[in-house]
Amino acid sequence: MSSPVSVIIPALDEEHRIATAIDSSFAAGAAEVIVADGGSSDATTRIAREHSARVVCGESMRSRQLNRGANEATNENLIFLHADTMLPSNAAALVVRTLDGGYVFGGFRVRFAEQAWKLRIAAAMVNMRTFLTRYPWGDQAQFIRRDTFLRSGGFRELPIMEDYELAVRMKRSGKTIVLREKVTTSGRRFLEKGLLRTAAINWRIIIRYRLGADTNELAKIYRGG
């Protein structure tokens, strides 16, 4: 049975992952899945439609993709899901119950799909950080009511940190939460760049962002770090 939830997935050349993300969303009880494509040159959009997702196309900046998807959504509750991430089986009902319970914003704890001891450490670090701060990031499937999202102006059109900025803003406006249930996401960045190096880059970006650094420069650090 589906719940009044629209899942929005930003995508760019994700033909190898998009089907799994969509299928997990419907299996989690979402009534609608929208893939906000940023100009894929592979089979992403075709596969998305084959798996019953709606596809909206436009610019590739992720914040703009997410905003396009939210504007097109037909349900009162939104989940923003990365293309390499899967929702837990009861996610849609949990989101509805949580938002009905007075929370304005939230996300899930995280675990990584790949089997590696360093990723278990990384997941523990992420979950501890977000438990203490209640700032769930984009790879933790952020959720919010559509009217709250639109009324607040949606995601800021930033090249990076749009998910963090939204989490901080929502915490200032009301109660936020990180649910105990876990999304399953890819740990490829930790595996490619190393646990300590990735954590150091992430914290460097957070600190510099809070100090007012240019987000275009932070995006360069993230992508090249």
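This passage describes two helix packings, the largest pocket and the largest cavity of a predicted model. Residues are numbered from 1 along each chain as its sequence is written, and side-chain values use heavy atoms, with hydrogens and water left out. Because the model is predicted, local features need pLDDT of at least 70 and side-chain atom pairs count only at pLDDT 80 or more, while totals for chains, interfaces and linings use all residues.

Helix α9 (residues 195-210) is a good place to start, with helix α5 (residues 117-133) as its partner; helices here are DSSP runs of H or I with at least four residues, and strands are runs of E with at least two, numbered from the N terminus. The axes of α5 and α9 lie 10 Å apart at an angle of about 25°, where axes are lines fitted to C-alpha atoms over the stretch in contact and angles run from 0 to 180 degrees between N-to-C directions. The two helices are therefore roughly parallel (angles under 35 degrees; over 145 is roughly antiparallel, 65 to 115 roughly perpendicular and the rest oblique). On the α5 side, K118, I121, A122, M125 and R129 meet L195, A199 and W203 of α9, contact meaning heavy atoms within 4.5 Å. This contact comprises six nonpolar, no polar and two charged residues (Ala, Val, Leu, Ile, Met, Phe, Trp, Tyr, Cys and Pro count as nonpolar, Asp, Glu, Lys and Arg as charged, and the others, Gly among them, as polar).

Helix α9 also packs with α7, their axes coming within 12 Å and crossing at roughly 55°; α7 and α9 are therefore oblique to each other. Here Y164, E165, V168 and R172 of α7 touch I206, Y209 and R210 of α9, giving four nonpolar, no polar and three charged residues.

Turning to the open spaces, the largest pocket holds about 1,400 Å³ (on a 1 Å grid over the protein atoms alone, a pocket is an open set of points with protein on both sides within 12 Å along at least five of seven lines, a cavity is a set where a 1.4 Å probe fits but cannot get out, and lining residues have an atom within 4 Å of a point). Among its 41 lining residues, R62, H82, D84, R189 and Y222 are the closest to the centre. Helices α5, α7 and α9 are among the elements that each give two or more residues to this lining.

One cavity of 30 Å³ or more is present, and the largest cavity encloses about 60 Å³, a volume being the space filled by probe spheres set on grid points joined across faces, edges and corners. Its lining includes R62, H82, E162 and D163, and α3 and α7 each supply two or more residues.
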